Amino acid sequence: MVNQFDQVNKDDFKKSVENYCRVLCRKTIDKASKQQQYQAVAYAVKDIVVDHWMETHKAYVDQDAKTVYYLSMEFLMGRAMGNMILNLKASKPIREALEELNLNLEDMEEEEPDPALGNGGLGRLAACFLDSLSTLGYPAYGCGIRYKYGMFKQKIEDGYQIEAPDNWLKRGYPFEIKRPEYAKEIKFGGDIRMVFDEDGRERFSQENYQSVLAVPYDLPIVGYGNGIVNTLRIWDAEAIDDFSLDSFDKGDYHKAVEQQNLANTITEVLYPNDHHTAGKELRLKQQYFFVSASLQTAVERYMENHDDIHGLADKVIFQMNDTHPTVAVAELMRILLDDYFLHWNEAWAITTKACAYTNHTIMSEALEKWPLELFSRLLPRIYQIVEEINRRFVAKISEMYPNDLRKIQKMAIIYDGQVRMAHLAIAASFSVNGVARLHTEILKNRELHDFYEMMPEKFNNKTNGITQRRFLLHGNPLLADWVTVKIGDDWITDLSHIKELEVYCDNELAQREFMQIKYQNKVRLAKYIKEHNGIDVDPRSIFDVQVKRLHEYKRQLLNILHVMYLYNELKMHPDMDLYPHTFIFGAKASAGYATAKNIIKLINNVADVINNDKTIGGKIKVVFIENYRVSNAEIIFAAADVSEQISTASKEASGTGNMKFMLNGAITLGTMDGANVEIVEEVGEENAVIFGLSADEVMEYERNGSYNPRDIYNSDYEIRTVVTQLINGQYSPENPDLFRNLYESLLDRKGFDPADRYFILKDFKSYAEAHRKIEEKYKDRAGWAKSAMLNVAHVGKFSSDRTIEEYANEIWKLDKVVL
């Protein structure tokens, strides 16, 4: 591969760092603080990138390149500088330059905050996709929101999750560039006035509205060694008029800053608590805010180089990442109808060729629905357009299925006082894709079956992937170097080459080298745990890891109940032959999700009891890693022995953590859910440990309602003992009822939710048996090394490069740009 960044010169870079330190801080590099040194280094790195960034976008214009706009509420990017230096292929000269300045690259990386632009797998997937789009040379913009405080910074106090603002912009962010020249006005509320033009056509104007200014900030997304730099454009909100002096002089101080307060609120936090009307309204404002700004910009950018708006879909694609941005359908119609004066059928023909939708959830409650009153009040013109889309769509349903009111009930966009955003996306998009084969089949055969029956040509699967450059090359340099020594470096841009490792999987020397690397990574994580948790863990123990967003269907509760069960076994049988285990958790629970937060408290209380019980000889340790994020995830993935992927079968759309663990040589302990199915196909059943109900079995229980967890509770002493410990004060002596809601969720129906909705007790014994299998496998050191190495060797399918090639070739029809 030709390296477009070979011109990085050590001496020039040194001078650049010193110069930025002087200009930014009025200090020499040796007198600057670590944060000031980081800022100087970051600006020097950005200097290298900017010319290529400009060249890339000039090439897009010159070649009239079709461009995808990837619309997402989240982009969980992780720290930029280290990854950027790797993709520049400039690690050697930059590292040498810093050493000559008595600086350490790793120290500089530690000074960078994780940009608080995302939370879970949805945002991390979007970040991986941007990395792959640049590395593969496809023209793309990521479009999102510049959150000031992200979702929150998690603190654990007395075992409880405490949400604190994640003020990642406190010291500024050197890699962003403000672009006020591209600001856009975004309108909320008001009235819609209809007039007729000279041709007798209806025209609509919005009056008496509130508005804010959407101001873009651009972040560079550097491709690996190819000179391509794409853009993540995140929108901040500013007041149209910052301050009303007239209102202030009249003593109306609140009204004086009303516009600024409105703007500030929109971009303060990711996923505000929507358990109340104000939270719902803010979420809808956020979604429309960034979608409208992004679409206005995309259409204007197209028209700068084209004369006819009718060709928009030939050059522009809007990929909607889940249901959050699906208001894009109506907003594009609004722009085409009201700004470019197209007829409805003309606008609809363009919209349905330009919009594509990715579904990320099987769970119907996660498919966004907006109260009609809220939607129509906040977005009156958009609501009019959605009403018309719905009217025409219902007419089409009625034409295809005469007198079938059930079809209309299940498929209408507006129904029962709600606007159903997933239905809007499906009706308007030319492509609807799931994110793992099982997920897509469940969508087609169950959750979205009526839509699939009506328009099967739209549905397709694109199994998720991850970028090996972030999660192996950067996150696990010891293993990355070892892989490169064995098979060369082609795997960095084509992960299918990693299969060449397979020839080493039976080699005893290679196995020892591999396991030594794993041990060193476990030592690194053990040091992190000691520094942040104050807990000593043994790197020779089995590192059993579950790190992901906390939700009941992901079953962190099953995991910790099993830890409680193991502890009971140890207490009853002190001489029990149990290989030492370190159970590692990391997860954030949404601020308003009481049950999830209580599970975090349970994990920490159990950890408190077990970690302080000297009678068990350290055979079990439990660790909850605070504020799980990309930067500590890289350390965790590299050190894991066991990858806990234990969601209730049929509930996880895909998962990508499972792929990151696999890439780093962890063995999957999981259900046949999401992408686990395809992981097992790739690596072989003998190199994973699978347990629990199948997706079909879960769905059948849900259909017939025959599962009664009390039958298990009453008949199984060991399970009954563990569950009863939730309410007998074993782990909360000061408040025995602290975990009663968890106890009741396992045994009692609550409203429309059945008891043990996620089949924890049903799968418990199978899960315990799976853990016994893991332990036996681990005791066979050579066998474990072989299995772990085979996981790495068979991870090729799960690169986001492969996923993006499929999107680009099969959905977006993009061409690669040549510099």
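Lys-153 is partly exposed, with a relative accessible area of 37%. The residue sits in strand 3, which covers residues 153-157. Lys-153 also belongs to a positive surface patch. The model is a predicted one. The points below cover charged patches, a three-stranded sheet and two residues with positive phi.

**Positive patch**
- Lys-153, Lys-155, Lys-170 and Arg-171 form this patch on the surface.
- Patch members need over 30% relative accessible area. Lys-153 stands at 37%.
- Lys-153 is placed in strand 3 (residues 153-157).

**Negative patch**
- A second patch, of negative charge, is made up of Glu-157, Asp-158, Asp-608, Glu-626 and Glu-734.
- Glu-626 falls in a loop. Strand 20 (620-624) lies on one side of that loop and helix 25 (630-639) on the other.
- Glu-626 has a relative accessible area of 35%, so this residue counts as partly exposed.

**Open sheet of three strands**
- Strands 13, 15 and 14 make an open sheet, in the order 13-15-14, with antiparallel pairing.
- Strand 13 (369-371) and strand 14 (414-415) are the edge strands. Each has a single partner strand, so one side of each lacks a neighbour in the sheet.
- Three bridges link strand 13 to strand 15 (residues 418-420), and this pairing is antiparallel.
- Lys-369 is positioned opposite Arg-420 of strand 15.

**Positive phi outside glycine**
- Most residues other than glycine have a negative phi.
- Asp-64 has a positive phi, near 50°, and is not a glycine.
- Asp-64 belongs to the loop that runs between helix 2 (34-62) and strand 1 (67-71).
- The relative accessibility of Asp-64 is 30%, so the residue counts as partly exposed.
- Ser-650, also not a glycine, has a positive phi of about 90°.
- Ser-650 is located in the loop between strand 21 (642-645) and helix 26 (657-663).
- Ser-650 is buried, because its relative accessibility is 0% and the cut-off for buried is under 20%.

Terms used: Residues numbered from 1 in each chain as written. Predicted model: local features only at pLDDT ≥ 70, side-chain atom pairs only at ≥ 80, totals over all residues. Heavy atoms only, no water. Patch = residues over 30% accessible without salt bridge, like charges linked within 9 Å, V, L, I, M, F, W, Y side chains within 5 Å. Areas by Shrake-Rupley, 256 points an atom, 1.4 Å probe, with all protein chains shown as cover. Salt bridge = Lys/Arg side-chain N within 4 Å of Asp/Glu carboxyl O. Lys, Arg positive; Asp, Glu negative; His and termini not counted. Charge placed at Lys NZ, Arg CZ, Asp CG, Glu CD. Helix = DSSP H or I, 4+ residues; strand = E, 2+ residues; numbered from the N terminus. Buried < 20%, exposed > 50% of the residue type's maximum accessible area, 1.4 Å probe, protein only. Pairing = 2+ DSSP bridges.
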